[in-house]
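The exercises below ask the reader to work through one complex, from strand pairing to confidence. Each task is followed by a solution in steps.

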Amino acid sequence: MKKSNQLIIILIAGGMMFSHACVKVPADVDFISPKASYSQTTFEPVLGRTTLLPDDPTANIFNADNSTSPLTFKILHMRGASTGEAVDIFNKTFPVQVWKEAYTGLETTREEVEKKRTIEQHHLFEVREHSGQFVMWRPMDLQYLNAIKMQPDPGYKFDVEVSNSGGSKIIRDMELKPMRPQPYAPSAIDPVTGNSQGNITPYLVSSVKVYNEDNYMSNGDVIVVFHKDPASTGNTLTFEFRDSAYNPINPKLFNSTRWEDILHHFGPARFTPEAVTYDVAYPIPLAMRQTRYTNASGTTANVMFSYDRIANGALRMTALIGMNFAIYEPGDWKMVFWFYHKNPDFRDN
Amino acid sequence: MYKHNIIPGKIKALVSLFVVLLLTYAVAAQQPVITVRGVVYEKGTNMPIPGVIIFTGKPPKGVGASGADGTFTVNVPEGAELNFQAMGFGPLMGKGKAGELMKVYLSVKQNKLNEQVVIGYQKKTKETTTGSTVIISGKDLQDVPVSNVIELLQGKVAGMNIQNNTGAPGYAGTIQMRGLSTLSISGSGSSSFLSPTSPLFVIDGVPIDPNTNYEYGFNQAGPGLNPLSLIPPEDIESIQVLKDAQATALYGSRGAYGVMLVNTKRGKSKVPIVQYSGNFFISIPPNLRKVIGGNAEREARVSQLLHYTDSVKYARQDINSTPFLADSLNPYYNNSTNWQGLFYKYTYNQTHNVTVSGGDDRFNYKANLGYYNEKGIVKNTDFNRYTLSTNMQYRPITRFKIYAGITTSLGQNSKGSGNGLTQSDVGKAGKQSSLLPAPSFYSSSANAVAALRNDNLNKTANIRTNVDLDYELIAGLHATSTFSFESTTGTEDNFIPAAINGNYAQVKSFNDQSHTLYSRSGLSYFKSFEDKHNLTFSVFNELSKKDYQATLLRKSGTPSDDVHGPIGSNGFFDGGGILDNGSDERLASFAGAASYNYKQKYVVDLSFRRDASSITGKKTPYSNNPSVGLRWNFYKEALLADRSWLDYGSLRASWGRNVIPQGTIFDAYGTYNDRNGGRYNDKPMSGIDYGKLPNANMKPVSNTQWNGGLELGLWKGKLQVEMDVYLKKVENMLMEVKLPTSSGFSSVQTNDAALMDAGLEWSFTYRPLPQTGKWNWTVTFNGAFNKDILTRLPNGKRELMVYDTTNNQNILYRVGRNSLTNVLMNTRGVYADDASVQVDPATGRPVLVSSADGKNFYYMRAGDPLWTDRNGDYIINGADNVYAGNSQPLITGGLSSFLQHGAWSLNIAATYTAIRSILNNAVQARFAGYSDPLGKNGPGALVPLDQYNYWAAQGDKATYPNPYDYQGFKSIRPYRVDQTLFEEDGSYFKIQYITLAYTIPRTRTIRWGITSCRTYFTVSNPFLFSRYSGPNPENVSALGRDQEDGYPVRKTVTLGLNVQF
C-alpha cells in the first residue's frame, strides 16, 4: 500500500515537472501604446474657480491609442515655464470644497446644500488618477492664489507619467497657464491683461419698448453690472433695475416674471421698491448640471425677467430680458440691469 | 505476443471451435458421461454470447462451444469441471449436472490494456500504444434514441467537451477535444459563433470531416444536417476516441482536433442472427416561460405608464391615444393568447432498426436497416432518417482479405422558418403580447405565420462505399489498400406564403453536392526476434479529393399560395445561380511509422506524415506531422510482478504535431475582378481585388501536443484509473489584420495568432461489489480540467478586441490570459437612493451615462444600475468596460452508475460542466419587455418579475435595476446586455438519462424463436442542477451566449425493445 502511494506521488510530481518544463506562459500584462498622448497640452484655467479640464463630457483630451484601460496618470516635475525651476505651491495641499453627494437643484435650504459638500485637502492642480482629466481647485482661502503666476506670465510646465502594468510613458512639456481670477461671468475684464473693455449685456432683450419711441430695445441697450461689497460675508443675490438716470425701477413692474422660479434660492424672494433679494448658495450655479435654473449645459444660471403690456391693436406683448451668468465667490452680490440710455415702457397702449 | 492480426477476437474463437469440435471425437469415455445443456450470457447485458469454448479435464481439452444464441450441449464425464473461455471475457469454472439448464454468466475482462485499439490505421492492443485513447462500446449508446450519436458521447470521455446546445432534431452540439482550438468568431450579437473544431470522424476506416457544410447551416441555405446524424446508433459497434497528438499524427491535417473512429457492426456468428431494436419515445418541451396574460397584462401596462411617466396627464394622453390599451373591448385587442403554446408541443416518435448478420472468418456479412423519426418540439420541424448499410468480408485464403461496405442514408428534415439552430420567427412570435389575437387566416404576427406555414423540406442523401484489401506478401508483410467514395446531396425546398412576403409567395430551391474520393495504400511489416524485440514498420500514402458546389433558385410571385409553379413567368423576380462557396480541395500525403517494444514492457513509437494541400500558400505547400511516443508497462518489472493488488500499471509520454490547412485559396492567392466591366483601350480590364492582400506565406495551423499518462488497474478490477496531463499549443492561427491605407489593400490574413491549452484528465472506474456476487455495480467518474491561454497576436500586439456591433458584448483576445474574454460593464448593484449616487467632487453633478453614440449624457439616479466608473471620470462609457468572465468551461466531465441484479439493470448517466460564464441574454429580454408599455415597436409579452429582486422604491437594495422606468430604457439603458449583471456562472450538473432495463427470461421467449429479449424504459434529460437563472445553461452558444431564439433541448421518455432471433 505504502509503496503504491509513493509511486503515485512520484508519478504526479513527475507529470507536473514535465508540464512545467514545457510551459512558457507569456505574462498577462497590459498594453501601453507608445503613441498614447494628450491631444490638448496647454491648459488655461481661470483661477478662483474649481475647473475640470475638459469640462465637456463629450471631449476627450487623452488618446490612449488602444492602451489597456485604466491607465494611471501622475503629474511630475511641475516647474516655472520661464525659469525651469521647481514650483513649491503645487506640491502643497490646501482645503477645498468638494461635493460628496450629487446636487439636484431640488434642495430647499442652504443647510441641505452644505450637507452635500465637505472640505478636503487637495493640490491646487491635480490630474485624476485614471481618467487623465485635470482639475484646478479653488482653495477656501483665495489668498493662496497670490503665489500663482497668471497670464501674461508664461506660467508653468509639467510632465505627465502614464502607466499601466504593461509599462509607462512620460508625456513632456505640458503647459499650465492660469488666467487671473474672475469672480463672475460673463466679465468685461480681459483675462490676460486685466483691462476693462466693453459692457456686459443680457443674451436676450426682446419686445422691450422704448419709452416714448416707437422702437424696441436690443441687447446693447441694457448693461448688466455685477457688484459685491468685498467685506460682505452673506449669501445673497440682489437684482436691481435702473433707468437711464440710474433711478431704481420697481421690480414688481416686471409683472409676469416667475420670481420664485428664476433662480435656485432658499426662502421667499424679498421685494423692496428698489430691488429683489434672494438667499442663495454660492457658487451660482452650484454644480455643473442642467437644472430648471440653468442653461442647457449647466455652466451658467439662467434668469428671465418679463412683463406684459398691451401693444398696438390691443395685442398683449410680453417683454423678455434673459441673462446667463455665473458667480464664483460668496458674498452679498448685486446685479444691476441698467437701461443706460433709453427707458423701458411699461405702459399699455 | 504482439497482436497485429486483423481478425476480430471472436471470429478467431470461432475458428478454434472447429478445431475443438474435431478434438472432441478423440475424447475417450472412461467415466459415466453426462450431457450438460446450458446458455452462456454476458454479465451485465444478459445477452447470449456465441462462440464460447468449453474446456474440461487436465490438461484442458475442448469439448464444445456455444452457438449463436449462446446455448451449448456438451458430453462430459460426471463431476467434471467445465471451463468457459471467450475472448474479451474472464474465464469461469463450473460443474454441470445432467438434465438441468445451466446458466453461465461471463464477465467482460476488466483489463483495459487488453482492449484492441487502432492507431494510424494499425490495430494494436492498448498495452502497446503510447498515445491517449478511449474506447466506448456501442452498447452504451443504444438505450436512448437520439438523432445524433454525439449527444450520447457527452461526459463519456475525459477531455472531450460536448455541449448539446441545440435541441433541433438532426443537428449536433459542439465538440471540443482538449479545449479551445480556434479564435475565429463570426456573426454578431446572440448569433455570434465560434468556428467549430469537431474531431475528425473515421467511419470504418474512411475519414469524414464534420466541420464542413453543416455549420454554415447557420446563416445559409441548405439542409445543414450534421453528417453524423446519418449514422444510426444501433449500427455502431464501438467508438474509439484518439486524444493526443501521438494518436492523431498519422491522420495528418484533419486529425488536429482529435479523431473519433466509428466502427459499425460486423457479422461474427456462424448462425445468422437477426436483431431488432425499436423505440417509442415522447419528446417533451421544457417548461415555457410564464407570461402575464390578458387583462392582467393590460393593467400592468397602464399602471406602469401612470406611475413612471413624468406627468400623469401626459400618461393619460398616451394611454388614450393607444387603442391597444384603451380600446379594451375591441375583439382585436381583447385576447389572452398563449403564443408560446402555438409553437411548442409534445411529440410522439419512433425508431426501428433491423440487423441481419452472420458468417465466419472466411466470409461474413451484415445488413442494417434503420428508420428514425423525430418530430421536433417546435412545430413545423422534424427529422427522419432512413438508412441501409451492408458490409461483408471475404477471405478466400488466409493471406488475402477483402472487405467492402456500402452505406446509404437519407435524412429528411424540416427547419420550419428558422435555420435549424435558431428559430428566430418562433422566438419573435413567441414573445408577443397576449392581447393580440392568435393567428388564423389573418395573423397579427407575420412571424407566427412564417413559423407555422412556411413550407420547408430538406433532403440529405449520402452514399458511402469503401473497399479494403489486405494481402500478406510474405510472413509479417502486409500490403493494404483502401478506396472509398462518398457522395452527399442536399436539397432544400422552401415555400413562403404570400401573406408574409409582401403579397408575393416565394419558392426557393437549393441543392448542393459534395463528393469525396479517398484512397490509402500502404505496406506494413511486423517482425519479432526471440519474442523479445518486436518491430513494426508501416508506410502509406493517402490521396483525397473533395469538391463542393451549391446552387440556389429563388422565385417570387407564384400564381397563388396553392400553386407553387410553373416557375419562370417574370425574370425580374427571379434570383439564383451557383453560390460562391464552392470548393475543390486536393490533399496528398505520405506517412511512415515505426514501433518497437521490448517484451511489451518498453514501447517506442515514431511516426511522420507529410501533407500537401491545395489550399495552403504558394510558398508553403507542405506540412509535416511528426510524433514520438514512449510507454513503460512498469507492472511487468520483476519488482512489481508479484504484487497481487496491481493488475496493471503503465506510464505514457508522447509528443506530436498536427498541421491543419486553413483559410481559403483566395486568402493565399487573392481574388481578381473585372473592374466592373471597365475597358481600357477597348480591352477588358482585370485586376486584383484591393480588399484583401494575398498572403503567399500562408501557413496551416500547427497543433503541437505533449502528453503524459498514467494507467493503473488495482485490486482485481475493482479500481481502474487513467490520468493524462497535456499541453496543446495551437500556432499559426489565422487572423485578419487591417493594413494602413498606404499599402493599397485594406486587410490581410496573417498567421500570427497562437494559443495553448493545458489540462489534466482523469477517469476512474470503480466496482465496489465482488464480481462473483449477484449484484453488479460499476461507477465511473471522469473529467477534465482545461485552461487555455492566448500566447500570441499579430504584430506583437498584447490585446485585440472583437467588436460586437449588435449587442456590444465585445470579446477580448489578450495575450497571457484565457483566449476569449467577455468585455462588459461591471454592475455592482443598484443605486438604492439618490444620496448613494456617485458624484463628481469637482463639479457636483451625479455620474453620467453616455448614450450609445457617445454624444448624449444622462444623469444617474436611484434605481439605476451601479456601474463601476473604472477610469474615475464620473462618466460611464465604453472606457469603463472590465475584462470579465471566460466563455469556455474550465472543468467538464461525466459520472455514471450501472447497477445490475439478475435480469434487472439500472443505468444512470450524468454530465457536468463547471466554471464557465454565460451571458444571459434571455433574462435580459424578459426585463426589456417592460421597455415599451405603449407597444410602439410591436407589443411584446410581459413576464412576471416576482422571482427577481428588482428596485422599486427609494432605499431598496436590489440586484436588478428599476424595470418599470421605461423612459430610462432609451437613455440610461439599465438593461443593456453588455454588463456583468447578465454574466452568470453557467456551471451545471445534468442527469443525461436513466435507463431501467429488464431481460425477459429466455425460457419464456424461446418458444417464439426469440433467443434474447430485452425491454427498457429510459428518461433522458430529466434533471439539471444549476444556479443559472436562465432557462438552460447548456442550451447556449459555444461563446456562452444564451440566445432567446435558440432551439430548446427536449426531454424524452422512451420505451424500447431489443429482440434477437
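Two strands count as paired if DSSP finds at least two bridges between them. The model examined here is predicted.

**Exercise 1.** Establish the strand order of the open four-strand sheet in chain A, and identify its edge strands.

Solution. Following the pairing from one strand to the next gives the order β2-β11-β10-β5 in chain A, and the pairing of this open sheet is mixed. The edges are β2 (42-43) and β5 (72-80) of chain A, since each of these strands pairs on one side only. Turning to one pair in detail, β5(A) runs antiparallel to β10 (residues 156-164) of chain A, and seven bridges join them. Within β10(A), A:Tyr156 is the bridge partner of A:Gly80.

**Exercise 2.** Decide whether helix α9 (residues 446-453) of chain B is largely enclosed or not, and find what its buried residues pack against.

Solution. The criterion for a buried residue is that 20 or more other C-beta atoms lie within 10 Å of its own. Six of the eight residues of α9(B) are buried, and therefore the helix is largely enclosed by the rest of the structure. The residues concerned are B:Asn447, B:Ala448, B:Val449, B:Ala450, B:Ala451 and B:Leu452. These buried residues of α9(B) pack against two helices of chain B, α7 (339-343) and α8 (424-430).

**Exercise 3.** Describe the side of chain B that touches chain A, by element and by residue class.

Solution. The contact draws 36 residues from chain B and 37 residues from chain A. On the chain B side, the elements that give two or more residues are β38 (701-714), β39 (719-738), β41 (775-792) and β47 (857-859). The largest share, three residues, is that of β38(B). Sorted by class, this side of chain B consists of 19 nonpolar, eight polar and nine charged residues. For the complex, the predictor reports an ipTM of 0.85 and a pTM of 0.80.

**Exercise 4.** Determine which parts of chain B call for caution, judging by pLDDT.

Solution. Chain B has an average pLDDT of 82, with 92% of the residues scoring at least 70. Among the elements of chain B, the lowest mean pLDDT, 46, belongs to helix α1 (residues 9-24), and the highest, 91, to strand β48 (residues 865-867). The pLDDT is below 50 over residues 1-9 of chain B, a stretch with 16 contacts in the model beyond near neighbours in sequence. Residues 17-30 of chain B also have pLDDT below 50, and this stretch has 13 such contacts. Predicted coordinates should not be read in detail where pLDDT is low.

Methods: Residues are numbered from 1 along each chain as its sequence is written. Chains are lettered from A and ligands numbered from 1 in the order in which they are written. This is a predicted model: local features need pLDDT of at least 70, side-chain atom pairs count only at pLDDT 80 or more; totals for chains, interfaces and linings use all residues. Two residues are in contact if their C-beta atoms, placed from the backbone, lie within 7 Å. Ala, Val, Leu, Ile, Met, Phe, Trp, Tyr, Cys and Pro count as nonpolar, Asp, Glu, Lys and Arg as charged, and the others, Gly among them, as polar. pLDDT is the predictor's confidence in each residue, from 0 to 100. A residue is buried if 20 or more other C-beta atoms lie within 10 Å of its own, exposed if 12 or fewer, and partly exposed in between; C-beta atoms are placed from the backbone.
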